[in-house]
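User: I'd like to go through the labels on this model one at a time. For each one, tell me what it rests on.
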Amino acid sequence: MGLAASSARIYMLVARKSDLEFMLQMLNQRRMLLANTMLSLQNQFGMTKPGGSEAEQANVKSFEQILGSLQQIDKMLELQVNRINIQHQAVQTEIESVNKVVSKNIEMSFGLMGKA
């Protein structure tokens, strides 16, 4: 691969790496918002005592269902974060590989000029 093609490949990989980092930030922000929502719900429903009236027990049951749904959403977000982390590592490895190719290309090009 030529020097220009390798440079273009590095620029493309760095752009992809930046996109992945941005996606990670957005997912982590969503998870933090979700955690804050769950905490506020727990604080709100934490006031009810178990063994109360039927209405209170129904509220506790609906709270548990909502909390379960929010936990499922958090698990899905965590899976997305893991998937993006794997892609990020792959892109980082490829960037390092292309940088080695560029270094070898430069060594060969300028090494031949110096020997002439």
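User: Why is Glu78 called partly exposed?

Analyst: The relative accessible area of Glu78 is 36%. Buried means under 20% and exposed means over 50%, so at 36% Glu78 lands in between and gets the label partly exposed. Glu78 sits in helix α2. Bear in mind that this is a predicted model.

User: And what is the C-alpha separation of Glu78 and Leu27?

Analyst: Their C-alpha atoms are 8.2 Å apart, with the two positions 51 residues apart along the chain. Leu27 is one of the buried residues of α1.

User: What makes Asp74 buried?

Analyst: Asp74 has a relative accessible area of 17%. The cut-off for buried is under 20%, so Asp74 counts as buried. Asp74 is part of helix α2, which runs over residues 54–115. Leaving out residues up to four places away in sequence, Asp74 touches Arg31 and Leu34. Leu34 is also listed among the buried residues of α1.

User: How do you know that Asp74 and Arg31 form a salt bridge?

Analyst: The N to O distance between their side chains is 2.8 Å. A salt bridge needs a side-chain nitrogen of Lys or Arg within 4 Å of a carboxyl oxygen of Asp or Glu, so 2.8 Å qualifies this pair. In general, side chains of opposite charge can pair when their charged atoms come close.

User: Why does that pair tie together separate parts of the chain?

Analyst: Asp74 belongs to helix α2 and Arg31 to helix α1, so the pair connects parts that are 43 residues apart in sequence.

User: Why is the 2.8 Å between Asp74 and Arg31 called a polar contact too?

Analyst: The side chains of Asp74 and Arg31 are joined at 2.8 Å. The limit for a polar contact is 3.5 Å between N or O atoms, so the pair passes that test as well.

User: Is Arg31 buried or partly exposed?

Analyst: Partly exposed: Arg31 has 23% relative accessibility. Buried requires under 20%, so Arg31 misses that label.

User: How many salt bridges does the structure hold, and which residue pairs with Arg9?

Analyst: There are two salt bridges. Arg9 pairs with Glu94, their closest N and O atoms being 2.0 Å apart. This pair links distant parts of the chain, with Arg9 in helix α1, Glu94 in helix α2 and 85 residues separating them. Against the 4 Å limit, 2.0 Å makes the pair a salt bridge.

User: What makes Arg9 and Glu94 partly exposed?

Analyst: Arg9 has a relative accessible area of 28%, and Glu94 has 30%. The label covers values between the buried limit of 20% and the exposed limit of 50%, so Arg9 is partly exposed and so is Glu94.

User: Why are Val101 and Asn99 called partly exposed?

Analyst: Val101 comes in at 37% relative accessible area, and Asn99 at 34%. Partly exposed lies between 20% and 50%, so the label fits Val101 and also Asn99. Val101 is in helix α2, as is Asn99. From C-alpha to C-alpha, Val101 is 7.7 Å from Ser6, although the two are 95 residues apart in sequence. For Asn99 and Ser7, 92 residues apart along the chain, the C-alpha separation is 8.7 Å.

User: How do you know that the reach of α1 is close to the expected one?

Analyst: α1 has 43 residues and spans 63 Å from its first C-alpha to its last, and 63 Å is also what 1.5 Å a residue predicts.

User: What makes Leu3, Ile106 and Phe110 a patch?

Analyst: These residues form a nonpolar patch on the surface, with about 290 Å² of accessible area together. Leu3, found in helix α1, shows how the exposure test works: its relative accessibility is 41%. Patch members need over 30%, so Leu3 meets that part of the requirement.

User: What does the whole chain look like in these terms?

Analyst: The protein chain has two helices and zero strands. Buried residues make up 20% of its 116 residues. Among contacts with a separation of 6 or more, 87% come from residues 24 or more positions apart. The chain exposes about 8,700 Å², with carbon and sulfur atoms supplying 60% of it.

Note on methods
Residues numbered from 1 in each chain as written. Predicted model: local features only at pLDDT ≥ 70, side-chain atom pairs only at ≥ 80, totals over all residues. Heavy atoms only, no water. Patch = residues over 30% accessible without salt bridge, like charges linked within 9 Å, V, L, I, M, F, W, Y side chains within 5 Å. Areas by Shrake-Rupley, 256 points an atom, 1.4 Å probe, with all protein chains shown as cover. Helix = DSSP H or I, 4+ residues; strand = E, 2+ residues; numbered from the N terminus. Buried < 20%, exposed > 50% of the residue type's maximum accessible area, 1.4 Å probe, protein only. Polar contact = N/O pair within 3.5 Å; in protein donor to acceptor, adjacent residues only side chain to side chain. Contact = heavy atoms within 4.5 Å. Expected span 1.5 Å × (residues − 1).
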